[in-house]
Amino acid sequence: IGILSVDFTLDSVLNETNISGFNNTNYSFTRTLSEGIHTWRIGACDSGLGCLESAIRNIIIDTTAPAISNGQPNSTLPLDTTVTPIRVNTNEAATCRWSTTDQAYGSMPNTFAGAGGSTHTSTRGSLTNGNSYTTYVRCNDTSGNINTSSYTFTFSVAAAVQTCGNNIREGTEICDGTDLNSQTCITQGFT
């Protein structure tokens with residue numbers, strides 16, 4: 001008893017039946033698939049009208065790099081913050097890296113925790129009062145699709161407020177009010 005036909009079902013729809021083959025013949029079914037998850041199976045019938053079907057299998061078509069969003073922090077951090085947690089989300093499982101300059105994924109020196117997930121966290125340090133910080137992020141999904149441009153988010157650390165002559169040393173002031181034996185910062189040339 002030989003093989004009479006082979007059929008191909010894609011996404012629960014019978015797509016093609018091939019009756020041109022014989023035993024020891026390779027059957028090929030070629031389709032162009034859209035991005036997403038697809039199901040498929042193969043069925044075969046012999047000349048005795050006995051038919052078998054394969055298990056349903058999945059194939060994932062993914063040609064798009066991950067979408068990155070929700071960069072945190074994205075506001076002004078409190079005065080004297082020197083280290084902060086940073087975070088991004090992706091729309092699919094990915095491994096993400098970050099840098100303080102815009103560069104290719106493979107050159108970014110810092111890797112977020114959360115590889116293979118959609119929430120990615122790390123820590124950024126060396127922060128100082130009154131400065132702004134931009135973080136550049138690129139990700140690589142499980143299909144090898146890598147962002148070709150960086151996602152960025154920016155935050156800052158609050159600047160110290162200084163008021164000369166209020167008898168309180170603030171920020172970078174080295175004197176104020178009576179700190180110089182009854183002389184003021186103004187008489188010493190400080191403003």
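Visitor: Which word fits arginine 41, buried or exposed?
Guide: Relative accessible area decides: under 20% is buried, over 50% is exposed and in between is partly exposed, with a 1.4 Å probe and protein chains only. Arginine 41 is at 14% relative accessibility. It therefore counts as buried.

Visitor: What kind of model is this?
Guide: Residues are numbered from 1 along each chain as its sequence is written, and side-chain values use heavy atoms, with hydrogens and water left out. Local features need pLDDT of at least 70, side-chain atom pairs count only at pLDDT 80 or more, and totals for chains, interfaces and linings use all residues, since the model is predicted.

Visitor: How many strands are in the chain?
Guide: Helices (H or I, at least four residues) and strands (E, at least two) are DSSP runs, numbered from the N terminus. Reading along the sequence gives the pattern β-β-β-β-β-β-β-β-β-β-β-β. There are zero helices in the chain, and the number of strands is 12.

Visitor: What share of the residues in the chain is buried?
Guide: The chain has 191 residues. Of these, the buried ones make up 29%.

Visitor: How many salt bridges are there?
Guide: A salt bridge needs a side-chain nitrogen of Lys or Arg within 4 Å of a carboxyl oxygen of Asp or Glu. By this rule, the count is four.

Visitor: How far apart in sequence are the parts tied together by arginine 41 and aspartate 7?
Guide: The two form a salt bridge, with their closest N and O atoms 3.3 Å apart. Arginine 41 lies in strand E3 (residues 36-46) and aspartate 7 in strand E1 (residues 3-10), so their separation along the sequence is 34 residues.

Visitor: Which strand does glutamate 53 tie to its own through arginine 41?
Guide: Glutamate 53 and arginine 41 form a salt bridge whose closest N and O atoms are 3.0 Å apart. Because glutamate 53 lies in strand E4 (residues 51-53), the pair ties together parts 12 residues apart in sequence, and the strand of arginine 41 is E3.

Visitor: Where does arginine 138, the salt-bridge partner of aspartate 102, lie?
Guide: Aspartate 102 and arginine 138 have their closest N and O atoms 3.1 Å apart. Aspartate 102 lies in the loop between strand E8 (84-99) and strand E9 (110-111), so the pair ties together parts 36 residues apart in sequence, with arginine 138 in strand E11 (residues 132-141).

Visitor: Is arginine 138 buried or exposed?
Guide: Its partner, aspartate 102, counts as partly exposed at 47% relative accessibility. Arginine 138 is at 9%, so it counts as buried.

Visitor: Which residues do salt bridges that share partners join into one network?
Guide: Both aspartate 7 and glutamate 53 form a salt bridge with arginine 41. The network joins Asp7, Arg41 and Glu53.

Visitor: Which strand gives the most to the largest nonpolar core?
Guide: A nonpolar core is a set of buried Ala, Val, Leu, Ile, Met, Phe, Trp, Tyr and Cys residues joined through side-chain atoms within 4.5 Å. The largest has 15 residues, and Phe112, Val137 and Phe155 have the most contacts inside it. E8, E11 and strand E12 (151-157) each supply at least two residues. The most, five residues, come from E8.

Visitor: What is the arrangement of the rings of tyrosine 151 and phenylalanine 153?
Guide: Rings of Phe, Tyr and Trp (its six-membered ring) pair if their centres lie within 6.5 Å; planes under 30 degrees apart are stacked, over 60 edge-to-face and the rest tilted. A search of the whole structure finds three such pairs. In this one the centres are 6.5 Å apart and the planes are at 45°, so the arrangement is tilted.

Visitor: How many disulfides does the structure hold?
Guide: A disulfide is a pair of cysteine sulfur atoms within 2.5 Å. Cysteine 45 and cysteine 51 form one, with sulfur atoms 2.0 Å apart. Another joins cysteine 96 to cysteine 139, also with 2.0 Å from S to S. The structure's total is two.

Visitor: What is the handedness of the link between cysteine 45 and cysteine 51?
Guide: The torsion about the S-S bond is about 110°. The disulfide is therefore right-handed.
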